Amino acid sequence: MTAADTPAGSPESPGSPGHAGRPLAVVTGASSGIGAATARRLAEAGHHVVLTARREDRVEALAAELTAAGHHATAYALDVTDRSAVDAFAASLERFPSVDVLVNNAGGALGADPVATGDPADWRDMYEVNVIGTLHMTQALLPALTASGAGTVVVVSSTAGHATYEGGAGYVAAKNGARVLAETLRLEIVGTPVRVIEIAPGMVRTDEFATTRFRGDTEKAAKVYAGVPDPLSADDVADTITWAVTRPAHVNIDLLVVRPRAQASNSKVHREL
């Protein structure tokens, strides 16, 4: 079997504790940034975390770190834009007693071009991962989340999904899609035992987000945060996600917008230059 067939921390792995009666939380995009930080926080809060991302080495290393610390973790290499792979992943979770939490975190931005010159391929890629990937995961796991009797779907959107800015239309459109997906799902499944939570972070400084957006140009990436005192960290957002997830099952945090104090809006940021 491959590492994806027998993930680190799975019942087949030596020393694995399995589900052990803990709530099971699936986190997408868990190889870095907010996803990795959320996996750590949920594990510390007592969840068995299933870490998914395309970079198998990263999620396996994180699962090993968490299990070494006495937590419960499983790694699974997954591309959320591949529906057949997502369905296979959902089937693999049947060995666990329940699936309790899905954190749809996988996403990202590409480019900062104006509408007039933006690359349609970038727009398509952003829509695929931010919206269609979230749709794939939610559809595939919703039956298990419902069967758990107290399921939670988290959609990590962005303040970009609530207000636009120049040079951000492609990302704004994608995050608007993720926001509307969450809002509509909440309407459609009201009365079922599943909460739908949207977390919309503002300016978050992570190792990869801005660098990926500017295709590896670290100078451009650094300018995004230049002079900003204390932008949010990945752990700040992870703490917020974990707080929302760990509220009593009848409490639904519909939308939580979280920004650093220095950011009043997407276009109004205090900088000390």
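Helices (H or I, at least four residues) and strands (E, at least two) are DSSP runs, numbered from the N terminus. By this rule Ala-182 belongs to helix H5, residues 169-188, and the chain holds eight helices and nine strands.

The structure is a predicted model, in which local features need pLDDT of at least 70 and side-chain atom pairs count only at pLDDT 80 or more, while totals for chains, interfaces and linings use all residues. Residues are numbered from 1 along each chain as its sequence is written, and side-chain values use heavy atoms, with hydrogens and water left out.

Consider the overall form. The radius of gyration is taken over C-alpha atoms, and the globule rule is 2.2 Å times the number of residues to the power 0.38. For 273 residues, a compact globule would have a radius near 19 Å; the chain has 18 Å, which agrees. Its C-alpha atoms fill a box of roughly 50 × 40 × 35 Å along the principal axes.

The surface is described by accessible areas, which come from the Shrake-Rupley method with a 1.4 Å probe; for residues, only the protein chains shown count as cover. The accessible surface of the chain is about 12,200 Å², and 52% of this belongs to carbon and sulfur atoms. A residue is buried under 20% relative accessible area, exposed over 50%, and partly exposed in between (1.4 Å probe, protein chains only). Buried residues make up 49% of the 273 residues.

Charge is counted with Lys and Arg as positive and Asp and Glu as negative; His and the chain ends are not counted. Each charge is placed at NZ of Lys, CZ of Arg, CG of Asp or CD of Glu. The chain has 23 positive and 31 negative side chains, and the centres of the two sets lie 6 Å apart.

Contact means heavy atoms within 4.5 Å. Of the contacts with a separation of 6 or more, 73% join residues 24 or more positions apart.

In soluble globular proteins, nonpolar side chains tend to be buried together. A nonpolar core is a set of buried Ala, Val, Leu, Ile, Met, Phe, Trp, Tyr and Cys residues joined through side-chain atoms within 4.5 Å. The largest one here has 35 residues, of which Val-49, Leu-51, Val-103, Val-154, Ile-199 and Ile-241 touch the most other members. A second, separate core of 28 residues includes Ala-90, Val-99, Met-137 and Ile-189.

Ile-189 also appears among the contacts of Leu-142, which, beyond four places in sequence, touches Leu-185, Ile-189 and Val-194. Leu-142 lies in helix H4, residues 120-147. Its C-alpha atom is 8.5 Å from that of Val-194, although the two are 52 residues apart along the chain.

Return now to Ala-182. At 0% relative accessibility it counts as buried, and beyond four places in sequence it touches Val-155, Val-196 and Glu-198. Ala-182 and Glu-166 are 16 residues apart in sequence, yet their C-alpha atoms are 25 Å apart.

Glu-198, one of the contacts of Ala-182, is in strand S6, residues 194-201. With a relative accessible area of 1%, Glu-198 is buried. Beyond four places in sequence, its contacts include Arg-179, Arg-186, His-162 and Asp-254.

Three loops complete the tour. His-47 sits between helix H1 (33-44) and strand S2 (48-53). Is His-47 buried or exposed? At 6% relative accessibility, it counts as buried. Among its contacts beyond four places in sequence are Arg-22, His-72, Val-101 and Thr-246.

Phe-214 is in the loop between helix H6 (209-213) and helix H7 (218-225). Phe-214 and Gly-111 are 103 residues apart in sequence and 5.8 Å apart in space, C-alpha to C-alpha. Beyond four places in sequence, Phe-214 is in contact with Ala-112, Lys-220, Ala-221 and Val-224.

The last loop, between H7 and helix H8 (234-245), holds Asp-230. With a relative accessible area of 65%, Asp-230 is exposed. Most residues other than glycine have a negative phi. Asp-230 is not a glycine, but its phi is positive, at about 55 degrees.
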